[in-house]
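Reader: Got a minute to go through this one with me? I'd like to start with how the pieces touch.

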Amino acid sequence: MSTRTSDLRRWYVIGPPYLWLLFFFLIPFFIVFKLSLSDVATAIPPYTPTFSWSQGIGKFLSQLDFENYTFLFGDPLYVNSYLSSLKIAFFSTILTLVVAYPMAYGMARAPKSWQPTLMMLVILPFWTSFLIRIYAWIAILKPEGFLSLFLMKLGIISEPLQIMNTTTAVYIGIVYSYLPFMILPLYASLEKINPSLLEAAQDLGSQPWRAFWQVTFPLSLPGVFAGCLLVFIPAVGEFVIPDLLGGSDTLMIGKTLWTEFFNNRDWPLASAVAVLLLLVLIIPIVLFQRQQEMVREAGR
Amino acid sequence: MDVATARDPKANTSSPQRAGPRTAAPQSGFAPWKNPDLPPIVRFEGITKRFDEFVAVNNVTLNIYEKEFFALLGPSGCGKSTLLRMLAGFERPTDGRIFVAGEDITDLPPYERPVNMMFQSYALFPHMTVERNIGFGLRQEGMPKDKIAERVDEAMGMLELRQFAKRKPNQLSGGQQQRVALARCIAKKPRIVLLDEPLGALDKKLRQQAQFELMRIQETTGTTFIIVTHDQEEAMTVASRIAVMEKGLLVQVATPGDIYENPKTRYIAGFIGDVNVFEGKVSKVSDGCIEIDANGGYKFKTKSTETVTVGQQVGLALRPEKIRIGLEKPTSDVNVIPGKVEDIGYLGSISHYHVRTAPGERVTALRANAAHTVEQAITWEDSVWLDWPVDAGVVLTG
């Protein structure tokens, strides 16, 4: 009796998030997956087949096929989009890590009384719309923008910089936008490290730089992994930044997806692109969970 | 010249080592601080450390000799840890120099100093096994691998850690972690081992075991140990000499026996062991004796080399075991005071008698319960006489 009520109570607690995931993730995913197996049609909605009870479920399923997927692998545009997205996401993740690590380290080592303020400064950009911040970068990066004018005033360059509408602009945009997602987990893991560990390393003859690589960095790895995933995963599917800053030069899967949906109105193909993107992203997530489990097993 | 001998004329008179469960040095005759020709292994010279306005360590000059087990004792915030951290290189002195084996190390970074520290938190590297933790210092020297393995094994053997070699620190108990921290410290065979409250996290029983282990390691390795502790019993047990610190100042440096028998100030007298202090004014100073007019009109007389002037306010410190308690009035008329037994603490081999004296002071006297020699048992509400010989008390001016 008492175990039954406690079982029931447990469901009250863990039920809602599962229901949430069911309705807002799993069911939409199956709708998109079904779409990706359909064919284009000039109709509303613009695909076929649509399910109707009169047809029966067997007939409906028999009309579904993997045609869109074979097409995706056959056309180099899509393969290149994926590869280019992965490449851009990978290098911008590395860049973000390189920029964020010293900042997170500085925050973790700052006097305790400063830390809330520094944390506030990291979070502050979120108070402005993401879109507006990317538009602001256009004003900075365009040939007659602030950056070129400033550098020309200083006499460092004589011609305006051609950064706008290049992959460089995309890198700048991604690093800027996702920096807080890297800094926060890094800071969280660096801040936990007992400062006497570094003193012990130095006391045992390790110079500060070696002590960093032997003690601080390995102990911050959970933060590094978490930060990299938080940047890498959304960066792969990023649409706004390559669209606004990258121009036509930059090939990214998010843009290709958008074009398929809204310009070509090929919903089934666009859905196939989305499903494949999800599969590509599941790999790093699984890797991350494996790593987390290992850390937990090590008992830290 | 040692500060202890400079400040305290009694430190040089040979008082016997405290009888106790000592197994480590000093063996009888181990007293390098008495040899003025022997160079100290550590010398603090006029060390001052200020944090903003706060003076953590105030003009400390101190010599520590090879193979000593030296204790820095004092309450938290007295500057003892800061002094140790300056020797390790984690803090820079505001003033003064630090010498190790005659060499000025004041400006050396921690990783170039011939000292290793055991931290209060142990500071074991959580991502490394016991073995790798212990070998960490040796790997920094670029020692060949087989040599490292040998030295790590030696250290693990000494502290009975071999079966934990592959474990991570969080898979060990507190006592085991403490031994790993010590093993990591001695694996490098430093000239000086620094211990910052090394046993503070252990429970009482484990702490006593660990104290003897520390002494054993100190003796077998022949290393100089410097321990920081706030636990006076711990300092008395392990140390060859103790430096008592208070508010950044070095108050007294002496052997445990000397500190106990001849405390320099009321603070030290109260800090180490139980003590009764009678307040009074100096009435006469003559041939090595000081006479005191105590509160309540009693006259005390005690042997002392302390320089005092007639009329000066002083305290007379008496350890409970030095005070005789009896029902008959003693024949002597000095160092005698009547009182009433208020409380008796029976501890088997000894009893504590808490006596309220006529001036209203509460005095504790100890008496061994040697059954057949006691002429009359003393009990509650008995009127008793307390007395002590002239060499029992210590005059406190500070």
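Reader: How many residues of domain 1 of chain B are in contact with domain 2 of chain B?

Author: Six residues of domain 1 touch six of domain 2 in chain B, where contact puts the C-beta atoms, placed from the backbone, within 7 Å. This is a predicted model, in which local features need pLDDT of at least 70 and side-chain atom pairs count only at pLDDT 80 or more, while totals for chains, interfaces and linings use all residues. Residues are numbered from 1 along each chain as its sequence is written, and chains are lettered from A and ligands numbered from 1 in the order in which they are written.

Reader: Which classes are on the domain 1 side?

Author: Two nonpolar, two polar and two charged residues. Nonpolar covers Ala, Val, Leu, Ile, Met, Phe, Trp, Tyr, Cys and Pro, charged is Asp, Glu, Lys and Arg, and the others, Gly among them, are polar.

Reader: And where are the two domains of chain B?

Author: Domain 1 is 3–114 + 190–268 and domain 2 is 274–396, with bounds from an automatic or database domain assignment.

Reader: Switching to the sheet in chain B: what's the strand order?

Author: The open sheet of five strands in chain B goes E13-E12-E11-E14-E20, with antiparallel pairing. Strands are DSSP runs (E, at least two residues), as are helices (H or I, at least four), numbered from the N terminus, and a pair needs at least two DSSP bridges.

Reader: Why is one side of E13 and of E20 in chain B left without a neighbour?

Author: E13 (299–303) and E20 (394–396) of chain B are at the edges and have a single partner strand each, so one side of each lacks a neighbour in the sheet.

Reader: What joins E11 to E14 in chain B?

Author: Six bridges, between residues 276–286 of E11 and 313–318 of E14, running antiparallel. Val277(B), for instance, sits opposite Ala317(B) in E14(B).

Reader: OK, chain A against chain B. How many residues are in contact?

Author: 17 residues of chain A with 20 of chain B. On the chain A side, helix H9 (195–203) and helix H10 (208–236) are the elements that give two or more residues, and H9(A) has the largest share, six residues.

Reader: What's the class mix on that chain A side?

Author: Seven nonpolar, seven polar and three charged residues.

Reader: Last one: which helix and strand counts does chain A have?

Author: 13 helices and two strands.

Conventions
Two residues are in contact if their C-beta atoms, placed from the backbone, lie within 7 Å.
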